[in-house]
Amino acid sequence: MKEKNSKIKFAVIGCGHIGKRHAEMISRNEESELVALIDVKDKSQLNIDQYNVPFFSTIDECLASGIEIDVVNIASPNGFHAEQALKCLEAKKHIVVEKPMALSKLDAEKVIFKALHVHKQVFAVMQNRYSPPSVWIKELIESGKLGKVFMVQLNCYWNRDDRYYKKESWHGKKDLDGGTLFTQFSHFIDIMYWLFGDIHNIQAKFNDFNHATLTDFEDSGFVSFDFVNGGMGSLNYSTSVWNQNLESSMTIIAENGSVKIGGQYMNEVEYCHIKDYEMPVLAPTNPGNDYGAYKGSAANHHYVIENTVDVLKGRDQITTNALEGLKVVDIIERIYETKSR
């Protein structure tokens with residue numbers, strides 16, 4: 001456990017939009033310190049001079065430098081997450097890994113096993129859990145006020161076109177991206193799992209409407225399933241929406257009422273009608289945008305850093321632990337496996 005008065009020292013792998021967000025939030029936290037940045041690109045291309053910390057082209061160079069590091073934040077392309085996590089854990093560093101934790105359940109399990117073996121923590125980034133509607137609906141579900149959950153419908157309709165899938169980008173490439181559910185919508189699958197638990201009896205239908213020249217995988221899908229804990233659900237998603245995001249929403253039909261959380265990033269309560277219940281006033285949610293550096297609840301990354309510091313100083317529990325990160329990967333993998341049936 002870290003001493004109360006000492007700062008937690010962070011390195012960040014990947015200096016794209018989200019990696020810079022991690023670096024910024026680390027720099028702003030009084031109990032944390034950014035000590036290194038790592039990226040394969042030339043430093044002159046990255047616009048990171050403001051951080052004034054050592055820069056490395058590889059993890060190996062960074063780890064061999066002798067710089068004291070407590071935590072490595074992995075914000076690189078999805079396909080590198082598991083490999084880089086294992087390397088950092090082998091070097092006895094805690095890790096904060098962006099979603100998805102890995103692109104297969106097997107790789108996620110390897111990361112968890114290594115973390116247990118070296119007695120280090122794995123923090124899976126699912127910052128949507130911190131948004132006021134998410135905190136509220138979690139408390140509501142756990143209170144039992146809704147009674148039995150009958151149906152849950154998750155709708156994720158976004159725009160991702162050639163402004164996002166650029167030729168030089170890792171986005172859209174099967175081995176680095178993994179697929180639409182991994183990169184775009186894993187946050188919402190995480191929220192669903194967090195609220196209602198695991199799923200089974202999965203049936204799915206996929207299509208690629210307008211991304212044939214942009215990606216190696218589908219852009220749309222209809223998925224239906226049953227919850228292991230009771231009730232049934234569906235996930236309908238697409239990145240083929242023209243020009244701008246439409247919505248990410250969750251509708252819950254339950255024994256004692258109905259709720260819908262909507263907006264572009266599931267950031268607004270659109271409907272709440274529950275027996276003997278009055279909707280509280282929620283704190284405002286950070287606004288999102290389609291292609292900006294801090295899209296959606298990326299503005300919640302400061303909570304991720306705060307939780308990491310609190311856990312390593314013995315003040316709190318992990319908000320999203322490694323097993324939950326694994327379950328999201330497992331659910332997505334099982335949905336995609338229906339393609340081969």
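Let me start with a rule: a charge sits over a ring if NZ of Lys or CZ of Arg is within 6 Å of the ring centre and within 35 degrees of the ring normal. With that in hand, look at R160, whose charged end is placed over the ring of Y164, 4.9 Å from the centre. K339 does the same sort of thing over the face of F206, at 5.0 Å from the ring centre.

Quick housekeeping. This is a predicted model, so local features need pLDDT of at least 70 and side-chain atom pairs count only at pLDDT 80 or more, while totals for chains, interfaces and linings use all residues. Residues are numbered from 1 along each chain as its sequence is written, and side-chain values use heavy atoms, with hydrogens and water left out.

Okay, the sheet. Helices (H or I, at least four residues) and strands (E, at least two) are DSSP runs, numbered from the N terminus, and two strands pair if DSSP finds at least two bridges between them. There's an open sheet of six strands here, in the order β3-β2-β1-β4-β5-β6, with parallel pairing. At the edges you have β3 (55-56) and β6 (122-124), each with a single partner strand, so one side of each has no neighbour in the sheet. Strand β2, residues 32-38, runs parallel to β3 and is joined to it by two bridges. If you want to find one of them, go to L37, whose bridge partner in β3 is F55.

Next, charges. A salt bridge means a side-chain nitrogen of Lys or Arg within 4 Å of a carboxyl oxygen of Asp or Glu, and the structure holds 18 of them. Take D60 and K87, with N to O at 3.4 Å. D60 is in helix α2 (59-64) and K87 in helix α3 (81-90), so this pair ties together parts that are 27 residues apart in sequence. For burial, the cut-offs are under 20% relative accessible area for buried, over 50% for exposed, and partly exposed in between (1.4 Å probe, protein chains only). D60 is partly exposed at 45%, and K87 is partly exposed at 34%.

Now a pair within one helix: E142 and K138, closest N and O atoms 3.1 Å apart. They are four residues apart in helix α5 (132-143), about one helical turn. E142 is exposed at 57%, whereas K138 is buried at 16%. Over in helix α10 (322-337), D330 and K327 are three residues apart and meet at 2.8 Å, N to O. D330 is buried at 6%, and K327 is buried at 16%. There's also a network of salt bridges linking E31, D310, K313 and R315.

Last stop, the aromatics. Rings of Phe, Tyr and Trp (its six-membered ring) pair if their centres lie within 6.5 Å; planes under 30 degrees apart are stacked, over 60 edge-to-face, and the rest tilted. That gives eleven aromatic pairs. W158 and Y265 make an edge-to-face one, 5.4 Å centre to centre with 65° between the planes. W158 is in the loop between β7 (149-157) and α6 (174-177), and Y265 in the loop between β12 (257-262) and β13 (268-274), so the pair ties together parts 107 residues apart in sequence. W158 is buried at 5%, and Y265 is buried at 8%. Both belong to one aromatic cluster with F185, F188 and Y237.
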